[in-house]
Each structure stands twice: as structure tokens, then as C-alpha cells.
Amino acid sequence: MPGTCVVGLQWGDEAKGKIVDLLGDNFDIVVRYNGGANAGHTVVVNGRAFKLSLLPTGVIRPNVTSVIGNGVVVYPPRFLEEVDSLAKGGINLTGSLFLSDHAHVIFPYHMEEERLLESGTEGKIGTTGRGIGPCYQDKVGRRFAIRVGELCRPDHLRERLKFVVPFKNKLLGALGATKLFDASAIADEYLGYAERIRPFVRDTPRFLHESLAAGKRLIFEAAQGSLLDVDHGTFPFVTSSSSLPSGIWGGSGVPAKFVKRIIGVVKAYTSRVGQGPFPTELDNELGERIRQKGREFGTVTGRPRRVGWLDAVAVRYTAALAGADEITVMLLDVLSGVPELKLCTAYELDGERITHFPSDAYLLERCKPVYESVSGWSEDITAARKLSDLPPGARRYLDRVSELVGLKASVVSVGPDREQTIMV
Ligand code: GDP
Ligand code: IMO
Ligand code: MG
């Protein structure tokens, strides 16, 4: 049975969670394959808001099984916090949420390393502080990484930590840490988590292969956005994982040939959290208005998100990288009342006009956006449920976005609620 992927085509927070939730009923299994608790998805169902960070959005659909794939990095207390908070709200996930035994574990020393590296001004990336980068570094470096399966073997975990923690302390000391870690205290703490996590742990590639053979329908939920992808994003101002659909194979064990539909999620404007170039940024009063109206404050860190016009050069680039078949245009309602909207159609780089996206951050930094103006609309569109309910200005804007990106919009979102959606 062919799989579907929902992927963000900007710098994250495109409202991927809403799309995964909307489509949820058509799938048996939702799979996360990258990132960790740096992600933050808010999904609103009949006025009730669910905030998810590490768990796949599928967890709020009663008939869906959710999988945290091997490519995800897991902070156990966060995993348990989310499981507990959903249980309090009446959603019990035992038996319907599986965590890969090969996913890598985030420890407090990862967060401390990140804190020290991010505390200066030089080399700062503006990370979420969740230990994501240092954990992936350990994974690729191999020697000091610990996987979820290892948490479930107490003697082994103690031995591993006895080896790893002294090295980490040396590293942290060199970075200027005052607080060092004790291997046996961490082992005690994590063995406590392991007891509770054990029922969720699975050989997830095997589970997914068996599910495919049984004809189950899979949807893959990318965390972050394509411009944060470690290979193709605005390096070094990216995250440490593959947030494009290319991450699916490695991060879940499901070969690419099973993924037949790729849905690129696009915010009607652009937002970005953290450092790095952002050519269409609106660092002015209009930007503030959009930030307030779109409630553009990070779910994970509460940081105000930077906002700007939709950058069609960037989205064309990411749609091509992702192999997107269609786009969904989100938060269109936020642009109501802006008399003149702008779309970036090219850049000027050192006096030359270019229409491709230079993903090298140092080149992108020098790019000045070339805009095309589209007149806006003043009506509130949050009650629109079909395209014909939208004012002509909103339809013109959507048409132009589709034209510039080269893909049709299959969904238009006009409010946070599941109901506030136009299926095209
Ligand atoms: P994700 O990380 O891509 O899942 O996106 P986030 O959940 O971090 O950010 C999207 C935010 O926009 C959330 O707070 C959603 O509830 C909200 N949202 C989703 N769709 C719409 C929409 O069409 N209009 C408005 N105003 N808000 C929306
Ligand atoms: P969702 O899934 C927006 C950004 C951080 C920082 C950079 C690296 O909600 O779209 P990291 O902690 O990953 O090492 O930070 O990536 N970032 C996100 N921005 N949405 C996200 O996830 C993000 N996850 C990471 O702000 O700039
Ligand atoms: Mg988010």
C-alpha cells in the first residue's frame, strides 16, 4: 500500500500537524522519522488544542497507530510527560504508540553541551536547547551514543554510562562547565524512565515492514522544515537531521519506493525561529502585526518567530527537493486586512538577478528579494469552507502562489481548527 509524506517546505511551523491530523483518518499508521522534541505541533479539534512535541500527531486519532522511528532522538522524560498528559485527557496510548529500540537517547549532558555552545554569540545557531544536535553528533560519532533498546538492559546501561560520562565531563569541562555529571545517578534516573517506556519499545522497521505487507496505509510526518534539513537547508543554520522525505528511508526503515504521495506544507507567508538568513523578513510594524495575528511564538521555546513574505524562490527549491506532488497553503486568514501583499519571485545577488535558491547561508545572506505585489483582501475568511467562499483577492493570491511554485494547492487552511479548512 503506497505511503504519503507530509513535509514542511519552509523553515518549520508550516502547520504540518494540522495536515497530518486532517488526513489522519485515511491512514492506519503515522510515522515520525526525524528530529525530536525540538518540534512543536499544535492541533485544534473542536476548540480543544493538543500540543505535541515528540509524539506523532497521529496519537490524537483513536484508530491510528503512531510510530517514533529510529531516526528520532528521544528525551525520555519528555516522552513520558506527553504520554501522561494525553492519558489525563482520556487518550491512552499503550498498544497504539511504538518507540523504536534504535532511536537515540538524549541525556542531560547533551543539553548542557548545547547550552554552553549556544551561550556565546559566536557560532550561535539559535537552537531549541533540547539536546538535539549533541545527541545526533554522538550518533554519527558512534562511541558515546546510547539507543533506546540499551535503556532496557540495566547492567549494560550502567556500564555504558560509566564509560561515556567521564568523557562527557572532560568535554564539558573544556567548554567551561561548572556542573559535571555522575554516571550512576544518571543510570538510576534513566532506569526509572526505562521501566515506564519498555511497553512502548519495538523493533519498528520490522513492525513497519509487516504492516506494509499487511496492506496498512502509512503516513510519514516530517518534523522541522525543508530549509532546516542538514544537507539541503540553509547550513549551518539548520537542524541536525534530514527533514526532507529523503530522511524516511534511513529514519524509519521504509524504502522510498513505498512513498507515492508527497504533500508540501506552505505557510501563506514565512516564519523562522533562530539565527540564519531570511531574505523576505519583515522586521517592521507589519511583521509585528502578522506575528500577533498568526500567534507566531514558538511552541517549544516561546520565542517570537521571525516573519516575512512568502518566498516563492525558496519554496520552488524545496518543492523540487522534496518531490512534492501538491502544496497545502496554511494560515491564509492571517493575511486578511493587509492591503498589499508581496511575493518574492527572484533575488538580487551582488547586482545580478537570480531565480534559483542559494542554500549556502553566506550567499543567501547577501540576497535581496525581488517582489511582485498582489492586492490583498479585507474580509475575514475564517468561515470559508470552499474556494468560492473566498474573496477574489484571496483567490488571486492562492492562484499566484500555485503558479510561482508550480504546484496545485490541495488544501487551504483558514484557521487553526480542523474544521477551518477548504479541501480543494
Ligand atoms: P507545525 O510545527 O508545522 O505542525 O506547525 P505549528 O503547530 O508549530 O504552528 C502552526 C500554528 O498555526 C499552530 O499554532 C496552529 O494551531 C496554527 N494554525 C494552523 N493552521 C492555521 C490557520 O489556517 N490559521 C491560523 N490562524 N492558525 C493556524
Ligand atoms: P516543527 O516541527 C521551527 C530550528 C531552531 C533552530 C534550528 C536548530 O515544529 O516545524 P535544533 O534545536 O533543532 O538544533 O535547532 O532549527 N527548529 C525549528 N524551527 N520549527 C521546528 O519544528 C524546529 N525545530 C528546530 O529554532 O533555528
Ligand atoms: Mg512547530
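This is a short talk about two ligand sites and two backbone details in one structure.

Okay, thanks everyone. Before anything else, keep in mind that this is a predicted model. I'll take the ligands one at a time and then finish with the backbone.

So, ligand 1. There are 18 residues around it, and the ones that come nearest are Gly40, His41, Thr42, Asp333 and Ser413. Where does that shell come from in the fold? Two elements give two or more residues each, namely helix H1, covering 16-23, and strand S3, covering 41-45. H1 has the largest share, with three residues. On the domain level, at least three residues come from domain 1, which is 3-101 plus 201-263, and at least three from domain 3, which is 265-423.

If you're wondering about the chemistry, the shell around ligand 1 splits into seven polar, six charged and five nonpolar residues. Let me pull out a few polar contacts, since you can click on them yourselves. The side chain of serine 413 puts a polar atom 2.5 Å from an oxygen of ligand 1. Then there are two from the backbone: lysine 16 has a polar backbone atom 2.8 Å from a ligand 1 oxygen, and glutamate 14 has a backbone N or O at 3.1 Å from one. How much of ligand 1 does the protein cover? On its own the ligand has 580 Å² of accessible area, and 92% of that is covered. As for the space, ligand 1 takes up the second largest pocket.

Right, on to ligand 2. Here we have 20 surrounding residues, with Asp13, Lys16, Thr128, Thr239 and Val273 the closest. By class, that shell holds ten polar, seven nonpolar and three charged residues.

Again, some contacts to look at. Two threonine side chains show up: threonine 128 has an N or O atom 2.5 Å from an oxygen of ligand 2, and for threonine 239 the corresponding distance is 2.6 Å. From the backbone, glycine 40 brings an N or O atom to 2.9 Å from a ligand 2 oxygen. And the cover? Of the 550 Å² of accessible area that ligand 2 has on its own, the protein covers 97%.

Last bit, the backbone. Which peptide bond is cis? Have a look at the one from phenylalanine 235 to proline 236, where omega is near 5 degrees. Proline 236 is in the loop that runs between strand S10, 218-225, and helix H9, 247-252.

The other one is alanine 15. It isn't a glycine, yet phi is positive, about 85 degrees. You'll find alanine 15 in the loop between strand S1, 3-8, and H1, and H1, remember, is the helix with the largest share of the ligand 1 shell.

That's me done, so over to you.

Note on methods:
Residues numbered from 1 in each chain as written. Chains lettered and ligands numbered in written order. Predicted model: local features only at pLDDT ≥ 70, side-chain atom pairs only at ≥ 80, totals over all residues. Heavy atoms only, no water. Near = heavy atom within 4 Å. Polar contact = N/O pair within 3.5 Å; in protein donor to acceptor, adjacent residues only side chain to side chain. Areas by Shrake-Rupley, 256 points an atom, 1.4 Å probe, with all protein chains shown as cover. 1 Å grid on protein atoms, 1.4 Å probe; cavity = no way out; pocket = protein on both sides within 12 Å on 5 of 7 lines; lining within 4 Å. Sits in = over half its atoms within 2 Å of the grid points. Helix = DSSP H or I, 4+ residues; strand = E, 2+ residues; numbered from the N terminus. Nonpolar A, V, L, I, M, F, W, Y, C, P; charged D, E, K, R; others polar. Domains from an automatic or database assignment.
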